[in-house]
Amino acid sequence: MISKTSSDKLDLLCIGEAMAELRDGAAAGLTGDFKVGFAGDTYNTAVYCKRQMGDSGKVGYFTRVGQDPLSVEFVVRVKEEGIDPSYITTDKQQLIGIYSVVTDKDGERSFSYWRHSSAARQLFSHDEAIRSLPPARIYYLSGITLAILDPAARRRVMDHLAEVTKTTDTLVAFDSNYRPKLWESKAVAKEVMDEMWEIADIGFPSIDDELLLYGDTNEEALLDRFAKFNWKAFALKRGARGPVSLSLSGDELPVFPPAPKVLDTTAAGDSFNGGYFAAYLQGEDEATCLLRGHEVASRVITQPGAIVSGE
Ligand code: ADP
């Protein structure tokens, strides 16, 4: 647990890529009636953390966008969410990434991405970007943040974060969010994740991503792999079964009720992280942090889209 402070420092700085989300308005079948929103794993977490913390929390988003209308609209949306947009840089050449999501008549969602040359991929192309990370109590990034960078930029970020955790009181938080298609190879992804789990002070793995990348024989083996690191906070996300921690035993864990209905599990893990961060930054104990994360996620999945209304 960390204590509450009232400095100018950000509470949470989320680092990564947000994209314009084109969502077909129909619940089933393609109508071409697309609505525009914005989403991206680290951005989703920033939104849900800020919504939970309200005026008591300072949340910033660190990314790079273009000068196109969707990029401009994204920054407007960031401000509307109460997230500090001061750390969003603008690229004169590249554009914000886009993805579309369409639900077929059986409820299956399919995604298409236009993100290969998005501005966010240039986020750490130069040393200045690393130097411009503002002070914060927590820096949060994901495997997606790292996957979209070229190897030199990735190295720059990881070296810097390793230094930050050693020499400052800023905590580094990480969620692997393993997406095979974004990585050069599984071996590279594993190497990077291995190093990031070592660097991170706060770990938010999810069981499906971990089994896919590491092939642990079972949940116990997976948790043993994580138990060798030194955590300030940790949660293994396990879908409807709710999270587990490394320090609370079964009977110390709260009850995690299943969601009353599940409409769209997009951003379940991201919103969990946001709820957990909010409780953690407000000085709550571990059981409460786990429950807040679970409660936020279980409400988010009852509505369509990554960023839902009223949560
Ligand atoms: P990810 O989206 O990263 O794969 P999970 O699917 O494990 O993550 O979901 C993250 C968290 O969301 C879970 O730990 C749990 O707290 C909550 N959650 C997911 N599915 C449900 C559900 N059906 N009912 C209630 N909570 C859920």
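Me: Which helices each supply at least two residues of the shell around the ligand?
Reply: A shell is read by asking which elements of secondary structure its residues belong to; in this predicted model, α9 (268–281) and α10 (286–300) each supply at least two residues of the shell around the ligand.

Me: How many residues stand around the ligand, and which come nearest?
Reply: A residue enters the shell when one of its heavy atoms lies within 4 Å of the ligand. Here there are 17 such residues, and Gly239, Ala259, Gly269, His294 and Ala297 come nearest. By class, the shell comprises ten nonpolar, five polar and two charged residues.

Me: Which polar atoms of Gly239, Gly269 and Ser206 lie by oxygen atoms of the ligand?
Reply: Here one reads N or O pairs within 3.5 Å. For Gly239, a polar backbone atom is 2.7 Å from an oxygen atom of the ligand, while for Gly269 a backbone N or O atom lies 3.0 Å from a ligand oxygen atom. With Ser206 the partner is a polar side-chain atom, 3.4 Å from an oxygen atom of the ligand. On its own the ligand has 560 Å² of accessible area, of which the protein covers 86%.

Me: Where does the ligand sit, and what lines that place?
Reply: The ligand sits in the largest pocket, which holds about 1,500 Å³ of space. Its lining has 47 residues, with Asn177, Arg179, Thr265, Thr266 and Ala267 nearest the centre of the pocket. Two or more lining residues come from each of α1 (41–53), β7 (109–114), α7 (207–214), α9 and α10. By class, the lining of the largest pocket divides into 23 nonpolar, twelve polar and twelve charged residues.

How values were computed:
Residues numbered from 1 in each chain as written. Predicted model: local features only at pLDDT ≥ 70, side-chain atom pairs only at ≥ 80, totals over all residues. Heavy atoms only, no water. Polar contact = N/O pair within 3.5 Å; in protein donor to acceptor, adjacent residues only side chain to side chain. Areas by Shrake-Rupley, 256 points an atom, 1.4 Å probe, with all protein chains shown as cover. 1 Å grid on protein atoms, 1.4 Å probe; cavity = no way out; pocket = protein on both sides within 12 Å on 5 of 7 lines; lining within 4 Å. Sits in = over half its atoms within 2 Å of the grid points. Helix = DSSP H or I, 4+ residues; strand = E, 2+ residues; numbered from the N terminus. Nonpolar A, V, L, I, M, F, W, Y, C, P; charged D, E, K, R; others polar. Points joined across faces, edges and corners; volume = space filled by probe spheres on them.
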